[in-house]
Amino acid sequence: MATALRFLACFLLLVPATEVGAEPSHGFAYFGDLKYPSDMTHFDYANPNAPKGGTVGFTIVGTFNNVHAYVDRGVLVAYVDPRLGTPMYEPLMRASEDELASYYGRLAESIEVAEDYSWVAYTLREDAYWHDGEPVTVDDVLWTFEMMKTEAGASWRVRYEHFDRVEQTGRRSFRFHFTDTAEKNPQLVILTGGFTPLPEHYWKNRDFSATTLEPPLGSGPYRIAEVDPGHKLVFERVEDYWGRDLSVNVGHNNFDRLAIHYFFDMNVMLQALRAGVFDYYRDQNEATVHTAYEFAGYHEGLFKKETYVMGNSYGMHWCVVLNNRRDLFKDIRVREALTLAYNFEWANRVYWHSGMDRNNSFFMRSGMQARGLPSEAELALLEPFRDAVPGRVFTHPVPLPKNGLFGRNRDTLLTADALLVEAGWVVEDFRRVNARTGEPFTFDFIVASEEHERMLTPFVDNLKRLGIDAALRKVERNLMVNRLRNYDYDATMRKLYTFRVPFPARMRDQFTSVSADQPNMTNYAGIKNPVVDFLVEEIAQATTEAEMNAAGRALDRVLLWNFYVIPEGHPVGRHLVYWDRFGHPPLGFEHMNWTGFPVLWWLDEEKNARVDAWLAGMKGN
């Protein structure tokens, strides 16, 4: 026995460090422990007693000519891209909607993660099958990985650029290995969890790089039953779906059929919804939410409008980006003056029916949103840079001053004028000019959408009251893409996405010095600030949620008080409009970032009959 133990000890010493991993688990948590044990019965937010059956119709404004998600050509139909969620295919893991960032095995029975994040291993479930009855195998995983790396569209190849290879380690097990240059962190694990194997036997005699309208073979709870190009796509529930009894699927996939209706025109779509052609729409236009549904079905309680607060981070939902590469915007006083000149409260009332909140954070509604004054943990990070950041980072809370809902924002315009004069920009003959050179204060806003053009028109008018000659220029979308790639603009409108657990690479692209001058990055403001660089790395290297949040709040303050962007707003809530045929779980709990539709909803037979009777009566009249 002693000899055997000595042999085992010697063997373990010889195992390379990269082979060391945690014990196999039924899931993976970015921070801390999983909420649900391996013997869970269902997610708390799912209804295990939800009835099965019925058809639900929803809509897209647009068209489509392709159902193959792995090519970057054609116009892809909605609801078939695994990156956005699809019922056709099974990914290795499913995210939990009531945890910060936890994932549970779906196609995978278990997951094992290397201690240094150099690899991630999975074991497939024994009874997983494609819709034609063939088993899902490791060979399918290996073949799919090769296709992702060599034949799929560019966006897929980029997605897996840090994946070096896949190694089969057993009859049902395999291991993803990452490149030496990949940043080893839990984000890599999450990326593997979304990996969706495809059936090699189906694709081997088909052109993987071509668009198609032939329904592909899948492994998920639904298959495509009907394709009407540009008009309609119908999914039908697979009755013998292999994963229907998995605990992670209990209460999910309740409808027999999912019908996606396409319309070319928004107004026609809204009329079709009111007429009962389809059932559900998530309306994100505040104007139509408040004006388009005043009809009999709504007033009689058969058509519903619901608003819920998302549980996820909005980031900086929309903002006016000031290009700090331009000399005009290098002075922080100028940037602050322009920020004060923007009258968000007036625009919110006029354009959005007061349905927006101001983006007083780059991490709205996340744990990294700065509130009040800095905490001790934030001060510990910020104190070494006291002389390198604006003093208000330490002394002032972050919200911007509020203007009145009506009339001009006179008080903030007066403060803006004082800041501009202090920065050396004075008014002469009703024009703002540089006191030393006489150069006029002039710049352009470059936008590509009519909505942004409308949003910025009152701002341009306000700037003229300060003597600033600002022009608003709308350009074609392809030209806009090229301008963004080369930072060829003075100011523009952008969304700066951040997530409840940010991707380090994305944050570096958006905020750090290394990406400021490289073309085709997302540091649209041209931020070059060593304090920002430091805090981004603190977020990237955080090992606990508390560490990440403290660094995020500190970063939030530094970004906001440097006025790199002019914050716009984000929706107070998400709006759902639908015929009252359905039941659904409670919306808007802590981490839930979606409506659960249609995956967690179900048909209520009593409600459905009531709506059908009313619509029939309306048509009879």
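Me: What percentage of the 621 residues of the chain counts as buried?
Reply: Bear in mind that this is a predicted model. A residue goes in the buried class when its relative accessible area is under 20%. Across the 621 residues of the chain, that share comes to 53%.

Me: And how much area does the chain expose, and what share of it do carbon and sulfur atoms supply?
Reply: The exposed area of the chain is about 27600 Å². Carbon and sulfur atoms supply part of that, namely 51%.

Me: How many helices and strands are there, and what is the radius of gyration of the chain?
Reply: The secondary structure comes to 19 helices and 25 strands. For 621 residues the globule rule gives 25 Å, and the chain is close to that, so it's as compact as a globular protein of that length. Its C-alpha atoms fill a box of roughly 85 × 85 × 45 Å along the principal axes. The radius of gyration itself is 27 Å.

Me: How far does helix α2 reach from its first C-alpha to its last?
Reply: Helix α2 runs over residues 138-150, which is 13 residues. At 1.5 Å a residue you'd expect 18 Å, and the helix is close to that. The reach is 19 Å.

Me: Which elements are included in what covers the buried residues of α2?
Reply: The buried residues of α2 are V138, D140, V141, W143, T144, F145, M147 and M148. In general, an α-helix has 3.6 residues a turn, so residues three or four places apart point the same way. The cover over the buried residues of α2 includes two helices and three strands: α3 (154-159), α5 (200-203), β6 (119-124), β7 (163-168) and β8 (173-178).

Note on methods: Residues are numbered from 1 along each chain as its sequence is written. This is a predicted model: local features need pLDDT of at least 70, side-chain atom pairs count only at pLDDT 80 or more; totals for chains, interfaces and linings use all residues. Side-chain values use heavy atoms; hydrogens and water are left out. Helices (H or I, at least four residues) and strands (E, at least two) are DSSP runs, numbered from the N terminus. The radius of gyration is taken over C-alpha atoms; the globule rule is 2.2 Å times the number of residues to the power 0.38. Buried means under 20% relative accessible area, exposed over 50%, partly exposed in between (1.4 Å probe, protein chains only). Accessible areas come from the Shrake-Rupley method with a 1.4 Å probe; for residues, only the protein chains shown count as cover. The expected span of a helix is 1.5 Å times one less than its number of residues. Contact means heavy atoms within 4.5 Å.
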